Amino acid sequence: MTASVEAEPYPFGFDLTTTALLIIDMQRDFVEPGGFGETLGNDVSLLRRVIPPLREVLDAARAAGLLVIHTREGHLPDLSDCPPAKLNRGEPSLRIGDPGPKGRILIRGEYGHDIIDELRPLPDEIVIDKPGKGSFYATGLQDLLETNGITSLVVTGVTTEVCVHTTVREANDRGYECLVLSDCVGSYFPEFQDAGLHMISAQGGIFGWTAPAKHFLEALA
Ligand code: TIU
């Protein structure tokens, strides 16, 4: 079944059988206090506003039979996949791998690294663990999309100008058509949220399309 979403800069057409919902890094480490996002000096409450619309989108995508892919940013317990440039960057209150209130910061297998309860993956849904900001670097995402015949991505998650942007830019170069749901992506910086969304849809959709969740839900209905 084909459908069309009212979007910027023009309607986004997609086929349900070749489209996946990508949910980026909705982990406790980014959206709850005591995690990686807070150690970087951020107010994590700003990200929590994406949870209700994203939950609706996830429910609708599941009901429509869309492939659902979740990602998690994080590192192996021995940090062998964390470059020193990332580990030593800045002056965080806790570094990656340090013990925090939700376990070791941004380490796979820790409570803080996992996806929030509200968006918990179903047992048969794909979870991609990634060491970087982009979802393609050092992951099997490209193979997975090819195996499943996916050509379009509906992109959600956090944060807009970091992991969402890196992923969308790479996906665009790899030939995927990306619709970013504007109220289902979040930034710690309101000004980056607006600019980040505009950067995607400007110049005739230089990286892809943007639309509020409501328009995507209408297209699925
Ligand atoms: N710091 C920040 O805004 N984001 C990240 O470090 N990772 C993701 O965006 N997931």
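Student: Where is Ser-93 found in this predicted model?
Tutor: Look at the stretch that follows α4 (84–87) and comes before β5 (99–100). Ser-93 is found in the loop between α4 and β5.

Student: Is Ser-93 buried or exposed?
Tutor: Its relative accessibility is 58%. The cut-off for exposed is over 50%, so Ser-93 counts as exposed.

Student: What order do the strands of the open sheet take?
Tutor: There are 6 strands here, and their pairing is parallel. Read across the sheet, the order is β7-β4-β3-β8-β9-β10.

Student: Which strands stand at the edges of that sheet?
Tutor: An edge strand here has a single partner strand, so one side is left without a neighbour in the sheet. That picks out β7 (126–130) and β10 (209–211).

Student: What is the bridge partner of Ile-24 in β8?
Tutor: Strand β3 (residues 19–24) pairs with β8 (residues 152–158) in the parallel sense, over 6 bridges. For Ile-24, the partner in β8 is Gly-157.

Student: At about what angle does helix α6 run to β8?
Tutor: Helix α6 covers residues 160–173 and lies across β3, β4, β7, β8 and β9. Its angle to β8 is about 165°.

Student: And which strands does helix α7 touch?
Tutor: Helix α7 (residues 190–205) packs on the sheet, with its direction at about 165° to that of β9. The strands touched by α7 are β9 and β10.

Student: Which helix gives the most to the largest nonpolar core?
Tutor: That core has 44 residues, and Leu-179 is one of those touching the most other members. The helix giving the most, with 6 residues, is α3.

Note on methods: Residues numbered from 1 in each chain as written. Predicted model: local features only at pLDDT ≥ 70, side-chain atom pairs only at ≥ 80, totals over all residues. Heavy atoms only, no water. Helix = DSSP H or I, 4+ residues; strand = E, 2+ residues; numbered from the N terminus. Buried < 20%, exposed > 50% of the residue type's maximum accessible area, 1.4 Å probe, protein only. Core = buried A, V, L, I, M, F, W, Y, C linked by side-chain atoms within 4.5 Å. Pairing = 2+ DSSP bridges. Contact = heavy atoms within 4.5 Å. Axes fitted to C-alpha atoms, helices over the stretch in contact; angles between N-to-C directions.
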